[in-house]
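Dear colleague,

Please find below the structure that I am handing over to you. A summary of the findings follows it.

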Amino acid sequence: MKGQVQRDYLVCHSARGRLRVKVRAIRFSEERAHALARFLARQDEVRDAKARSHTGSVILYYDPRVTRPQAILELLNEGLDNIESTTVRSASLDPGPDLGRDREGERSGSAVTRVATAMGLTGFLAYYLVRTIVQRSPVSQALVTLVTIIGGLPLFRRALSDLHGGKIVTLNTFLASASGLAIAAGEPATALEVIWVRAIGEMAEGYVADRSRRAIGEILQLSERNAFVLVDGVEVEIPVEEVRHGDTVVVRAGGKIPVDGAVTRGEALVDEAHITGRKEPERRVPGDGVLAGTVVQQGMVRIEAEKVGHETYLARIGRLVEESLANRAPAEKKADVLAQRLTTVGLAVTGATLVVTRDLAKALAVYLVMACPCATVLAAATAVSAALANAARNRILVKGGLYMERFGATDCICFDKTGTLTTDEPRVAEVVPRPTWIKPETVIELA
């Protein structure tokens, strides 16, 4: 069942009592992920269901003695019917050998929304300050309230999603309630400030995360969009996703190999540096295997496709990288715990202020002041994303924030013999004679 493509999802892994399924419909949508997980968890056949919006994955646990995997997949279909407003093509689910291109439109759309929201709020806040402080001309409260509500819609939606998911005390609910109370108390400018700070932080975090993904995609040197396939002795150019098992693919000098397979005819020098670490190109003749994403530097080969699309080695690397971005570093988890504790303390202090002073205005002021843990969460996530992007720009691929943080405690590293650490200008670092009585200079003289 592993690798099986259904109507609008992809079964990535199947084990006894457990399924991991790729679902594009929940990708980057916490609301849809929560809704799908709730629907599946309510089903008698499902023991537990976890939906991860970062990777678009759903993990399903069931009793294999009672339920068959196909029945679980049928329940998944029902859940998707409940949350989808538009049909998602199964082809768009293919993680493929294209890490950076698949969802470029989706990412750029969300990035545009973040930037537009942050810039719009910044512009209006500047206008409000100039009118109020410089020109001494008050701005209409109705206008400030309207802009605050529109700018805060993303925050309010996330807060509702958290509440629907059973999460009551979260950063989103805390900030949303603080903003709502400020608007209700006739202080929309105060709520606007809270929402503006959150929007600027999210814009910065999103920018760093997108830059990290782009840098990682460049390291993988992703394959071409089209491939030349031999049909009745004639080379026909078709999209890579249309290449099938057994097709004969023709690749000439300068072209990237689009499939995993075996050379059937021709001879070429193939650059596999980004996969094997070997700087020098490898000679490939009939019978040799080749991998998708590698580059033919000289010659021409015909390749019988053995693994295509999401089955290729490069595609598997891409999936691992995408999923590894959801591996949160311990610092991020600690930041979440700290933010939740600060949120709880903020609610407690606000309640105590209201009880002691019996003044709603003072309690609201304390509540707004305590609405600050967002900086803690954003700082941790942004720092990790920036570190991953910086490593990628230096041609170092790290499998997520979890491993980035663990690397700080590393005191010993073992490397294999593929030549990954070598350059084209080798030098002698140290001469260590085996017999202790021989001097290093003597060894050099003998050499």
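Two strands are said to pair if DSSP finds at least two bridges between them. By that criterion, strand 1 (residues 10-15) and strand 2 (residues 18-22) are an antiparallel pair with five bridges. Please note that this is a predicted model.

Within this first pair, histidine 13 is positioned opposite arginine 20 of strand 2. The two strands make a hairpin with two residues between them, and glycine 17 in the turn has a positive phi of about 85 degrees.

As to the chain in general, 14 helices and eleven strands are present. The chain has 447 residues, of which 40% count as buried. Its exposed area is about 24,700 Å², with 56% supplied by carbon and sulfur atoms. Where contacts link residues at least 6 apart in sequence, 67% of them join residues at least 24 apart.

A further set of strands deserves your attention. Strand 5 (residues 226-231) pairs in the antiparallel sense with strand 6 (residues 234-239) over six bridges, and valine 229 stands opposite valine 236 in strand 6. These strands also form a hairpin with two residues between them; here aspartate 232 in the turn has a positive phi, of about 55 degrees. Strand 5 has an antiparallel pairing with strand 7 (residues 248-252) as well, over two bridges. In that pairing, valine 229 faces valine 249 of strand 7.

Turning to the interior, the largest nonpolar core comprises 22 residues, and those with the most contacts inside it include Tyr9, Leu19, Val23 and Leu36. At least two residues of this core come from each of strand 2, helix 1 (30-41), strand 3 (46-52), strand 4 (57-62) and helix 2 (69-83). Helix 2 gives the largest share, six residues. There is also a second, separate core of 18 residues, among them Val249, Val263, Ile303 and Ala305.

On the surface, a nonpolar patch is formed by Tyr127, Leu143, Leu146, Ile149, Ile150 and Leu153, which together have about 520 Å² of accessible area. Four residues of the patch, the largest share, come from helix 4 (residues 141-151). Is leucine 146, in that helix, buried, exposed or partly exposed? Leucine 146 counts as partly exposed because its relative accessibility is 48%, and the partly exposed class lies between under 20% (buried) and over 50% (exposed).

Yours sincerely

Terms used
Residues numbered from 1 in each chain as written. Predicted model: local features only at pLDDT ≥ 70, side-chain atom pairs only at ≥ 80, totals over all residues. Heavy atoms only, no water. Patch = residues over 30% accessible without salt bridge, like charges linked within 9 Å, V, L, I, M, F, W, Y side chains within 5 Å. Areas by Shrake-Rupley, 256 points an atom, 1.4 Å probe, with all protein chains shown as cover. Salt bridge = Lys/Arg side-chain N within 4 Å of Asp/Glu carboxyl O. Buried < 20%, exposed > 50% of the residue type's maximum accessible area, 1.4 Å probe, protein only. Contact = heavy atoms within 4.5 Å. Core = buried A, V, L, I, M, F, W, Y, C linked by side-chain atoms within 4.5 Å.
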